[in-house]
Amino acid sequence: MLLTEYRNRSLHLPNRIVMSPMTRLRSLPDGSPTTDVADYYAQRATAGLIVTEGIWPHSTGQSEAWVPGLQTPAHVEAWRHVTEAVHARGGRIFAQLMHGGRKGHPLARIDGSWPAGPSAVLDDDRVHLIDGGKADPITPGALDRTDIAAVVDQHATAARNAIAAGFDGVEIHGANSYLVHQFLADNTNLRDDEYGGSIENRMRLPLAVVDAVTGAIGSRRTAIRLSPGNPQFAMVEADPAPLYQALVVELDRRDLAYLHLTDNDRYHALGDLRPRWHGTLVANIGENRAPTTAAGAETVLRAGLADLVSFGRSFIANPDLVHRIRHDLPLAPIREEMLYGRTAEGYSDYPSWTAGAVAHQHAE
C-alpha cells in the first residue's frame, strides 16, 4: 500500500510516503531560505508529499537562529525558487508554519524580540544563536489578548504568502512543544482567562489559527500537525485523550486537507483519534517501530489507522528514499555532525542510490 497512489479532493499523490518537516537551519540573515534549500527539496520530490521544515510566520515567533521565515516579499521570492524546483521534478510541497511561542531568545532572532507563550513558563531547551553558540533558556513573557489576535493574523498572512510563493498548501504546527501545543499542554498553559483552564478554552487559540488560515487560503489547502502526549522539551499532558478527542472532533468539521498525527507509546493517538477523523490522516509513528522503515508504515496503513505515513530522518541521507523502499535497498547513514551545518555539506550532497553505487564501484 505504501507505494500506491492516493487521491482525495485536495491531494493527488503518486505514493503514500510523506517527507516529514525537519529543522535544518539553512537560511540567510534575513530569514530567507538559502539556494541549497531548493536543491534539497527538489532531490526528494519523489515523495508523495513534502512538508517543509517549520517556517516562522512572523519574526516574533522565530524559535532559534537560522530558522527560515515566510513574512516578507524577499521570503516569498526565495521560497518560490524552492516550490518551482520541486514542481519541476513533479513533486508536491506544503509549508509548515511554526510559531515558537515560549521557545526562542533575543540573540537567536533577527528582530531581537523576547519570546512569549501562553504563560511565563521556562523552556529548558538551549537554542541556537545567531553567533553560532547556544544560550541558556530565559523565562518567556505571556501573550495578552492583543498579542494573541496578532499571532492569529500573522498565521493568516503567512499562509497567503505561502500560496503566493507557490506552495500547494500549509501545515499548521500544533505539535512538538511549539506555540499551538503550548496552549494545549498542562504545564505551559496556566492561564485563567478564556484561553486557559477548560478543554474548550485550551482549544480556542488552536482553532482560531486554523480558522484564520482556512479563511485566508481555503480549508482544502490547510492541514495541521498534532502530537498528543508528546513529552518532548518537558511538555506535560497528564491525560491527553479528553482534550484531543474534543479537538479532533472540532477539526473534523473544518474539512482540512489532512491531519498529521504523531503517535507515541504513552498515548496511542492513532487508535483513539482515527475514528473521530473522517478526512485524510498522515501518521508519524517513528522509524524504529518495525524491523524496517517500510514495514511499520505498511502495518499502519493496512490496519486502516492512516492513509499516508510520514518519514523524517530516513529522508535526510536518502533523497531517493522512495526508490530505496520500492527496491528494498539499504539506507545510507546520516552525518549527524552536519545536521545543522548551514551549508550544502550534510544537507543536499547526499547521493542517490545510483550515484552512490557508482561512486562505490569506482572506489573499489
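Just after helix α6, Gly218 takes a positive phi of about 95 degrees. The model is predicted, with local features needing pLDDT of at least 70 and side-chain atom pairs pLDDT 80 or more, while totals for chains, interfaces and linings use all residues. Residues are numbered from 1 along each chain as its sequence is written, and side-chain values use heavy atoms, without hydrogens and water.

Helix α6 covers residues 204-217 and spans 20 Å from its first C-alpha to its last, close to the 20 Å expected at 1.5 Å a residue; the expected span is 1.5 Å times one less than the number of residues. Helices are DSSP runs of H or I with at least four residues, and strands are E runs of at least two, numbered from the N terminus. Among the buried residues of α6 (under 20% relative accessible area, 1.4 Å probe, protein chains only) are Leu205, Val209, Val213 and Ile217. The buried residues of α6 pack against elements including α3 (145-164), β10 (169-174) and α7 (240-252).

The largest nonpolar core has 82 residues, and those with the most contacts inside it include Tyr41, Trp79 and Phe311. Such a core is a set of buried Ala, Val, Leu, Ile, Met, Phe, Trp, Tyr and Cys residues joined through side-chain atoms within 4.5 Å. A second, separate core of 12 residues includes Tyr6 and Tyr258. Beyond its neighbours within four places in sequence, Tyr41 is in contact (heavy atoms within 4.5 Å) with residues including Met19, Trp79 and Ile93.

Of the residues lining the largest pocket, 13 are nonpolar, 19 polar and 10 charged, where nonpolar means Ala, Val, Leu, Ile, Met, Phe, Trp, Tyr, Cys and Pro, charged means Asp, Glu, Lys and Arg, and polar means the others, Gly among them.

Key:
Buried < 20%, exposed > 50% of the residue type's maximum accessible area, 1.4 Å probe, protein only.
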